[in-house]
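Biologist: I am new to this structure. Please take one part and go through it closely, with the spaces around it.

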Amino acid sequence: MVLLDILCHPLWALSTAVLALVVRLQRRGRWDPLACTVRLNGKTAIVTGANTGIGKFIAMDFARRGARVILACRSEARGMGALNEIREKTGNSDVHLRLVDLSSLDSVRAFAQRIVEEENALHILVNNAAVSGLPRQITKEGFEMSFATNHLGPFLLTNLLLDLMKRSAPARIVTLSSVNHMKGQVDFSHFHGENLTYHMDNVYNHTKLHNIICTNELAHRLEGTGVTANSVHPGIVMTEVLRSYPFRIRFVFNIIGFFFFKSPEEGAVSSLYCAVAEETEGITGKYFDSDCSLVLPSALARDTALAVKDFELCERLTSKL
């Protein structure tokens, strides 16, 4: 009863509200996209998972800056909804929808082929789409579903578009990872769904670690081309990434998140900083925190020998035999 009395006391409610306000003020990054005057007229950008959440706000910012924006989405209905909203809010009609299912390597190849055939240039690629909390599923190509969607699909897409980006240089590749990569491990049997524990975000954490490892190796391989590649942590954001979690988990997350977590628009800031800010021009192979600061990723993410091994394995896994 004593604890209940404390929780019900008006002072508790007031202190909670004040704490929530302080946290919301502190979570604002040092870089404000609305204060950034960079224009993207004549530039082409692709954003995966752009129909909702962080991806939609990234695409909307690009459109406001005058870019030709391609929304890479799995759902045509939801993609069209985002497209119409972005066009209406930005006044930019040069926003287009292209369908792709990142869990299917065949779909990724078809998407990339269409882009290469239709687009003269590509200056920004944002690998945003991701899933978390999925039960064990194996794709028709034999890969674990979360690994295919979060890592192998974006890995293949990026590599298929590299020649176009090199011809368009300077160009930037931004891959959304997560601070949760710190809890991830590297076990190459994971790609085929082996030796995985399906509890909460365990599998997601592993995929986010691979994102950083391969992005760092890609940056190394792109040195001298004018194409940069970086990873970012968007923060703890209220998005639909938890849609596969049990209702009770989503309910608690949403209640806490309403007071303390970032909105999707706030979560887009670190990615936008890497993609458009003048301060990040030429920076490559780095990991940015949600406040747009450069930070060190985990020791595994910085292991250069592991990066070569991981990258080469992903090349073999995604090659068309």
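Modeller: A definition comes first. Ala, Val, Leu, Ile, Met, Phe, Trp, Tyr, Cys and Pro count as nonpolar, Asp, Glu, Lys and Arg as charged, and the others, Gly among them, as polar. Note also that this is a predicted model.

The part to look at is helix 6, which runs over 145-160. Start at its N-terminal end. Glu 144 caps that end. A side-chain oxygen of Glu 144 lies 2.8 Å from the backbone nitrogen of Ser 146. Further along, helix 6 has a kink of about 35° at Leu 152. The proline Pro 154 follows shortly after Leu 152. Of the 16 residues of helix 6, 14 are buried, so the helix is largely enclosed by the rest of the structure.

Now the spaces. The structure holds 2 cavities of 30 Å³ or more. Helix 6 helps to line the largest cavity and the second largest cavity.

Take the largest cavity. Its volume is about 130 Å³. Its lining has 14 residues. Nearest the centre lie Pro 154, Phe 155, Thr 158, Thr 175 and Thr 215. Helix 6 gives the most to this lining, with 6 residues. Strand 5 and helix 8 (202-221) each supply at least two. By class, the lining of the largest cavity has 6 nonpolar and 8 polar residues, and no charged ones.

The second largest cavity has a volume of about 30 Å³. Its lining is made of Asn 127, Asn 128, Ala 129, Asn 150, Pro 154, Thr 175, Leu 176, Lys 208 and Asn 211. Two or more of these residues come from each of helix 6, strand 5 and helix 8. The classes here are 3 nonpolar, 5 polar and 1 charged. Pro 154 and Thr 175 appear in this lining, and both also lie among the residues nearest the centre of the largest cavity.

Strand 5 (171-176) leads on to an open space, the second largest pocket. That pocket has a volume of about 380 Å³. Of the 24 residues that line it, the closest to its centre are Pro 170, Ala 171, Arg 172, Ala 275 and Glu 281. Strand 5, strand 6 (227-232) and helix 11 (269-276) each supply at least two residues of the pocket lining. By class, the lining of this pocket has 11 nonpolar, 7 polar and 6 charged residues.

Notes
Residues are numbered from 1 along each chain as its sequence is written. This is a predicted model: local features need pLDDT of at least 70, side-chain atom pairs count only at pLDDT 80 or more; totals for chains, interfaces and linings use all residues. Side-chain values use heavy atoms; hydrogens and water are left out. On a 1 Å grid over the protein atoms alone, a cavity is a set of points where a 1.4 Å probe fits but cannot get out, and a pocket is an open set with protein on both sides within 12 Å along at least five of seven lines; lining residues have an atom within 4 Å of a point. Grid points are joined across faces, edges and corners, and a volume is the space filled by probe spheres set on the points. Helices (H or I, at least four residues) and strands (E, at least two) are DSSP runs, numbered from the N terminus. The bend at a residue is the angle between axes fitted to the seven residues ending there and the seven starting there. Buried means under 20% relative accessible area, exposed over 50%, partly exposed in between (1.4 Å probe, protein chains only). A polar contact is a pair of N or O atoms within 3.5 Å; within protein, one must be able to donate a hydrogen and the other to accept it, and residues adjacent in sequence count only if both atoms are side-chain atoms.
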